[in-house]
Amino acid sequence: MAFVARLRSLRRDLAAVAATFSARPPAPDGKTPAPVSSLAPRRLRIARIVRETADAVSLVLEDPTGAPIPFAAGQFFTLHVPIGGELHKRAYSASSSALDGSRVAVTVKRVADGRVSRHLVGHAHEGDPIDVLGPSGSFTPAPAKGPRLLVLVGGGSGITPLSSIARTLLASETGTRIALVYGNLALEDVIFKESLDALAAEHAGPAARFRVRHVLQEPPPGWTGGTGLLDGEALSRELDALGDPEAALAEYFLCGPAPMMAAARACLEQRGIAASQIREERFVSAHALPGAPASAEAHEVTLRMRSGERRLVVAAGRTILETALDAGIDMPFSCAVGGCGTCRVHLARGSVAMDEPNCLSADERGAGYVLACVSRPSSPCTLEVP
């Protein structure tokens, strides 16, 4: 099912990526700029930095040419961040409404061992250029066919795509109601606390189109919201507190730490929620592990495609996707850092070294699937491209 969803989102993702490339301005001399690699990012600018908490900032990005930045609520962008002479690629969700195509906000929370997050939170400045690839991802609600309820469950920085979903749908779908259950350590750690409460107040009333239930592990004196870790038991309490008669038919969107999402899924399954009603967003920051068996030699790769077979030689250190795109082969891709699964292909013969971590599940790996964007051949290979 996950693979089918990825295929369905392929056209949209590629169209959005293509739009970012076609928006390149003419060269200063008026001549047409030289062609660039299909994996080349788009140059944006940090127009504004909003301090959300002591450890989180929102970077409001815009195109210096004024070109639009199209994306769907729930999608993410891959930021290319140079630090100390080394280029790092990290995926961050859009947190702003998708209805404003003139700019996009991505929200970054600093983590102790996160080199890129610490750099962006502490050293990014308004006016800085930043290279961006995307949008990517299929953590996006389908258009409403009638009145519906969405339940968003987030923890910590997992609020970012959920914020975009809520802001976009509340403004564009009058028949959609949204309930948010959001867990954090303490009140000062709640990203978007004021804006979420304002959004709830704006949509209060008999219909209550947007409701928020905050859950804090270290609540302040007099706190009347949820308490404790947002695990399965706490989520069950919060869903009971919502008391919505349509909860059994709702669509559930989960984003946050892996233990929270595992507990949330188990809780929902115990409450009789079908797997088809549950969506999850899992982020990975792909990087080559020390000692990964990457080959120091070039290898021939055969691509079995619907249009026929194509053969190419992948140089040492190059990925299969990079080489295929440079050869003019139309390969599906989106984030290019192993985080979305759009470039998933089946390894029919041979072996590859694949950057870790990435978004492939254990079942996908067991079935012989690899991601072309983070795979380098370690022997002659044959890959089946859907």
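**Note on salt bridges and one buried serine**

1. In this predicted model, E62 and R103 form a salt bridge in which the closest N and O atoms lie 3.0 Å apart. The pair links distant parts of the chain, since E62 belongs to strand β2 (residues 56-62) and R103 to strand β5 (residues 103-109), with their positions 41 residues apart in the numbering. The two partners fall into separate accessibility classes: E62 counts as buried because its relative accessibility is 18%, under the 20% limit, whereas R103, at 32%, counts as partly exposed.

2. As background to this and the following points, it may help a new reader to recall that side chains of opposite charge can pair when their charged atoms come close. A search of the whole structure finds 24 salt bridges, and the pairs discussed in this note are among them.

3. A further salt bridge joins R211 to D244, with the closest N and O atoms 2.8 Å apart. R211 sits in strand β9 (residues 210-216), while D244 is found in the loop between α5 (232-242) and β11 (251-255), so this pair ties together parts of the chain that are 33 residues apart in sequence. With a relative accessibility of 22%, R211 counts as partly exposed, whereas D244, with 12%, counts as buried.

4. E364 and R344 form another salt bridge, and here the closest N and O atoms are 3.0 Å apart. Because E364 lies in helix α8 (residues 362-366) and R344 in strand β15 (residues 344-349), the pair ties together a helix and a strand at positions 20 residues apart in sequence. Both E364 and R344 are buried.

5. Some of these interactions should be read together rather than pair by pair, as R177, R211, D244 and E246 are joined into one network by salt bridges that share partners. The pair R211 and D244, described above as a salt bridge, therefore belongs to this network.

6. Where does S58 lie, and is S58 buried or exposed? S58 is placed in strand β2, the strand that also holds E62, and S58 is buried, with a relative accessible area of 3%. The side chain of S58 makes a polar contact with the side chain of E52, at 2.7 Å. Leaving aside residues up to four places away in sequence, S58 touches R48, I49, V50, E52, S95, V106, T107 and F192; among these, V106 and T107 fall within the residue range of strand β5, the strand in which R103, the partner of E62, is located.

Conventions:
Residues numbered from 1 in each chain as written. Predicted model: local features only at pLDDT ≥ 70, side-chain atom pairs only at ≥ 80, totals over all residues. Heavy atoms only, no water. Salt bridge = Lys/Arg side-chain N within 4 Å of Asp/Glu carboxyl O. Helix = DSSP H or I, 4+ residues; strand = E, 2+ residues; numbered from the N terminus. Buried < 20%, exposed > 50% of the residue type's maximum accessible area, 1.4 Å probe, protein only. Polar contact = N/O pair within 3.5 Å; in protein donor to acceptor, adjacent residues only side chain to side chain. Contact = heavy atoms within 4.5 Å.
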